[in-house]
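Biologist: Please show me the model, so that we may discuss its helices, core and charged side chains.

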Amino acid sequence: VPVGPGSLLARPIWEMDALTLPYKDNGFSLEFAALSYANPAKVRYRFKLEGMENQWTEVDSRHRYARYTDLRPGKYGFRAQASLDGGRTWGEKGASLGLKIPPPWWMTPWSRAAALLAFVGLIFGAHRVRVRAFERRQKQLDALVQQRTAELRSSEQEVKVAKEVVEEATARKSIFLANMSHEIRTPMNAVIGMAYLALKTPLSDKQRDYLNKIHSAGTSLLGVINDILDFSKIEAGRLDIETVDFRLDDVIASATSITAQNAQEKGLEFLAEVASSVPQNLVGDPLRLGQVITNLINNAVKFTERGEVYLKAELLEQVGARARLRFSVKDTGIGMTPEQSARLFQAFSQVDPSSTRKHGGTGLGLTICKRLVELMGGEIGLENEAG
């Protein structure tokens with residue numbers, strides 16, 4: 001390396017205490033010498049690069065150099081010592097040179113800060129989009145409330161009912177906005193957003209494939225989370241029940257096709273019976289009905305180690321074009337005490353804290369089932385015996 005202005009060496013290297021190398025020049029060689037006019041061939045040397053090596057490397061007078069390649073960014077200290085008596089004693093002072101290899105720009109604090117700012121901006125933007133969507137929904141709700149209020153002005157009692165409806169809807173909306181927007185949406189959007197940002201950077205084909213899969217899986221998971229948010233929609237009074245034509249056998253077949261495999265994997269006998277008196281062609285919400293049946297069967301399979309799970313559908317009464325049906329799921333599982341049964345349909349509750357660790361679950365499934373059944377004009381209950 002030449003010595004002078006514009007070079008890495010502003011002065012001769014023996015006059016310098018420290019040296020900074022560009023991160024691209026992460027390989028170098030150093031030569032060293034100790035003057036001995038008595039017997040130069042007998043002089044021995046040892047050296048090490050602190051920050052990379054813990055042991056000394058010892059050489060003779062014919063190999064007075066050290067070579068290093070592919071050093072990572074960081075700080076190092078090169079030390080060299082000489083022995084004039086063949087290696088029995090070493091000079092304590094020796095020579096030393098501090099070496100610094102700064103990181104490339106994409107590893108510097110400011111670039112990481114820029115990435116962090118971009119990440120924060122992405123989260124903030126996603127949050128703003130959600131807030132604006134909720135504001136639009138709020139305006140629609142306000143318009144509906146105004147319409148209802150105008151219709152109910154005929155009496156003081158009707159006005160009081162309308163006020164209670166508005167206050168309840170507003171309270172539920174606030175809980176829904178606070179919990180869902182921050183606790184669920186933001187982390188998932190962050191995963192998707194960071195994967196999207198990473199896809200904009202130079203990547204190998206394998207890395208791009210991995211990130212595409214992460215982005216796709218995150219998007220799919222966000223769809224699953226949207227389904228789970230049925231509970232929040234129910235709490236906010238924003239979940240509508242459909243009224244469409246469907247065949248009951250199709251709903252039962254769909255629910256059992258999903259759950260029968262789980263029962264088979266545990267070695268359980270799975271039975272399903274639809275009474276002949278049950279009408280097949282019905283009008284209602286097949287998706288929500290199937291969701292409830294599937295959840296009840298999955299719960300039965302989850303807490304049953306041996307025996308059977310039995311699904312039965314029967315007709316309770318039929319008046320004209322209206323039919324009242326009962327769907328029951330029976331199992332030979334662990335059962336519950338009366339105290340545990342009383343907490344069964346409470347949100348975010350497991351009958352036994354240990355069951356959460358063993359079987360998993362958030363404690364929302366049966367709560368959602370209860371709300372869906374009530375929205376469909378029905379009721380849900382439990383007959384149980386511990387053990």
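The exchange below takes up the core, the salt bridges and one helix in turn.

Modeller: This is a predicted model, in which local features need pLDDT of at least 70 and side-chain atom pairs count only at pLDDT 80 or more, while totals for chains, interfaces and linings use all residues. Residues are numbered from 1 along each chain as its sequence is written, and side-chain values use heavy atoms, with hydrogens and water left out.

Biologist: Which strand gives the most to the largest nonpolar core?

Modeller: A nonpolar core is a set of buried Ala, Val, Leu, Ile, Met, Phe, Trp, Tyr and Cys residues joined through side-chain atoms within 4.5 Å. The largest one has 22 residues, of which Phe47, Tyr68, Phe78 and Leu99 touch the most other members. At least two residues of this core come from each of β2 (28-31), β3 (44-50), β5 (65-68), β6 (74-83) and β7 (95-101), strands being DSSP runs (E, at least two residues) numbered from the N terminus. With four residues, the strand that gives the most is β6.

Biologist: How many residues apart are Lys266 and Glu305, which form a salt bridge?

Modeller: A salt bridge requires a side-chain nitrogen of Lys or Arg within 4 Å of a carboxyl oxygen of Asp or Glu, and here the closest N and O atoms are 3.7 Å apart. Lys266 lies in the loop between α5 (248-265) and β9 (269-274), and Glu305 in the loop between α6 (286-302) and β11 (308-319), helices being DSSP runs of H or I with at least four residues. The pair thus links distant parts of the chain, and its separation is 39 residues.

Biologist: Is Lys213, the partner of Asp209, buried or exposed?

Modeller: The side chains of Asp209 and Lys213 meet in a salt bridge at 3.2 Å, N to O. Both lie in helix α3 (residues 205-228), four residues apart, about one turn of the helix. Buried means under 20% relative accessible area, exposed over 50% and partly exposed in between (1.4 Å probe, protein chains only). Asp209 is partly exposed at 35%, whereas Lys213, because its relative accessible area is 52%, is exposed.

Biologist: Which residue forms a salt bridge with Glu374?

Modeller: Glu374 is partly exposed, with a relative accessible area of 41%. Its partner is also in helix α9, four residues away, so that about one helical turn separates the two. The closest N and O atoms are 2.6 Å apart, and the partner is Lys370.

Biologist: Which residue just after α9 takes a positive phi?

Modeller: Helix α9 (residues 365-375) holds buried residues, among them Leu366, Ile368 and Leu372. Just after this helix, a phi of about 85° is taken by Gly377.
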